[in-house]
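I am opening a fresh page to set down, entry by entry, what I looked up and what I found. The notes are meant for someone who has not met this structure before.

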Amino acid sequence: MLVLLGIAVVVFGFIVRANPLLVVMGAALTTGLAAAWTPEAELATYYIAGRDTLAAFGKAFNDARYISLTWILLAAIGLLERAGLQERARITIAQVKAATVGRLLWVYFVIRQGTSALGLTSLGGHAQMVRPLVAPMAEGAAEAKYGALPDRERYLIRSHSAAADNIGLFFGEDIFIAIASILLIKGFLEAEGIFVEPLELSVWAIPTAIAALLIHSFRLWLLDRHLKARLSTKTESAQ
């Protein structure tokens, strides 16, 4: 029963809104020490129990260190944004005269879909690529041509930036044979009595990816036309 004290520590820690990491560590140590308790237990026994509990935490951290790297990456991106990453991205793309929102997002879309087809699904993403780089560069391309952007068009550009990442990944990753989505499709079809090889699914994902490329290219072309129609009028009236 004493080992259940760890649950009490968790509940108490959340009630007082303590640091979650300290709460979990305290609960683990409480459980480990309680498991070692006996009426005749010596101090060395508790020392060994606490040491083994910390060793188990260290092993779990080492085994799942790639998860911790994700949080370190997000912190690094936050520091870069604070240091002016978004502003520098806007300035850089504004110097490219031929850049438009649609062209920039089309290039990113092709890269995202191509790398996903090779299994490199982690090269993009909203947190590490769209928010700090792609969206600010797309906004910078629009600002270079039309000046300050209204909120409606700014959010429209941001949503298309996110869509380019989502669609490129979704329709590109199925081409790569060793991806979780292929295994999910294969398992679902087998449950319905349809047996296919993963290679067949990958091959048939290519026409879908090409169709997605063509359709989304047309959508980005329409986006450029929309921005030109909406913002050119406002720029001329402002002058």
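**First helix pair**

I began with H1 and H2, and I note that these two helices are roughly antiparallel to each other. The model I am reading is a predicted one. The reasoning is short: the axes of H1 and H2 cross at roughly 160 degrees, and an angle over 145 degrees counts as roughly antiparallel. I also looked up how far apart the axes run, and they come within 8 Å, while the crossing itself is right-handed. On the side of H1 the contact is made by Leu 5, Gly 6, Val 9, Val 10 and Gly 13, and on the side of H2 by Val 23, Gly 26, Ala 27, Thr 30 and Thr 31. Sorted by class, the residues of this contact come out as five nonpolar and five polar, with no charged residue.

**Ile 7**

I then picked out Ile 7, which is found in helix H1, a helix covering residues 5-15. Is Ile 7 buried or exposed? I find it exposed, because its relative accessibility is 53% and the class begins over 50%. I also looked up its separation from Ala 27, which lies 20 residues apart from Ile 7 along the chain, and the C-alpha atoms of the two are separated by 6.8 Å.

**Second helix pair**

Next I turned to H7, residues 126-146, and H8, residues 151-172, whose axes are 9 Å apart and meet at an angle of about 135 degrees. That angle makes H7 oblique to H8, and I noted the crossing as right-handed. From H7 the contact takes in His 126, Val 130, Val 134, Ala 135, Ala 138, Glu 139, Ala 142 and Glu 143, and from H8 it takes in Arg 154, Ile 157, Arg 158, Ser 161, Ala 162, Asp 165 and Asn 166. By class I have seven nonpolar, three polar and five charged residues here.

**Glu 139**

Glu 139 belongs to helix H7, and I looked up its surroundings separately. It counts as buried, since its relative accessibility is 2%. Leaving aside residues up to four places away in sequence, I find that Glu 139 touches Arg 90, Leu 149, Arg 154, Ile 157 and Arg 158.

**Aromatic rings**

Last, I looked for paired rings, and the count comes to two aromatic pairs. In the pair of Phe 170 and Phe 171 the ring centres are 5.0 Å apart and the planes stand at 75 degrees, so I entered the pair as edge-to-face. Phe 171 is partly exposed, with a relative accessible area of 28%.

Technical notes: Residues are numbered from 1 along each chain as its sequence is written. This is a predicted model: local features need pLDDT of at least 70, side-chain atom pairs count only at pLDDT 80 or more; totals for chains, interfaces and linings use all residues. Side-chain values use heavy atoms; hydrogens and water are left out. Axes are lines fitted to C-alpha atoms, for helices over the stretch in contact, and angles run from 0 to 180 degrees between N-to-C directions. Helices (H or I, at least four residues) and strands (E, at least two) are DSSP runs, numbered from the N terminus. Angles under 35 degrees count as roughly parallel, over 145 as roughly antiparallel, 65 to 115 as roughly perpendicular and the rest as oblique. A crossing is left-handed if the near helix is turned anticlockwise from the far one by less than a right angle, and right-handed if clockwise. Contact means heavy atoms within 4.5 Å. Ala, Val, Leu, Ile, Met, Phe, Trp, Tyr, Cys and Pro count as nonpolar, Asp, Glu, Lys and Arg as charged, and the others, Gly among them, as polar. Rings of Phe, Tyr and Trp (its six-membered ring) pair if their centres lie within 6.5 Å; planes under 30 degrees apart count as stacked, over 60 as edge-to-face and the rest as tilted. Buried means under 20% relative accessible area, exposed over 50%, partly exposed in between (1.4 Å probe, protein chains only).
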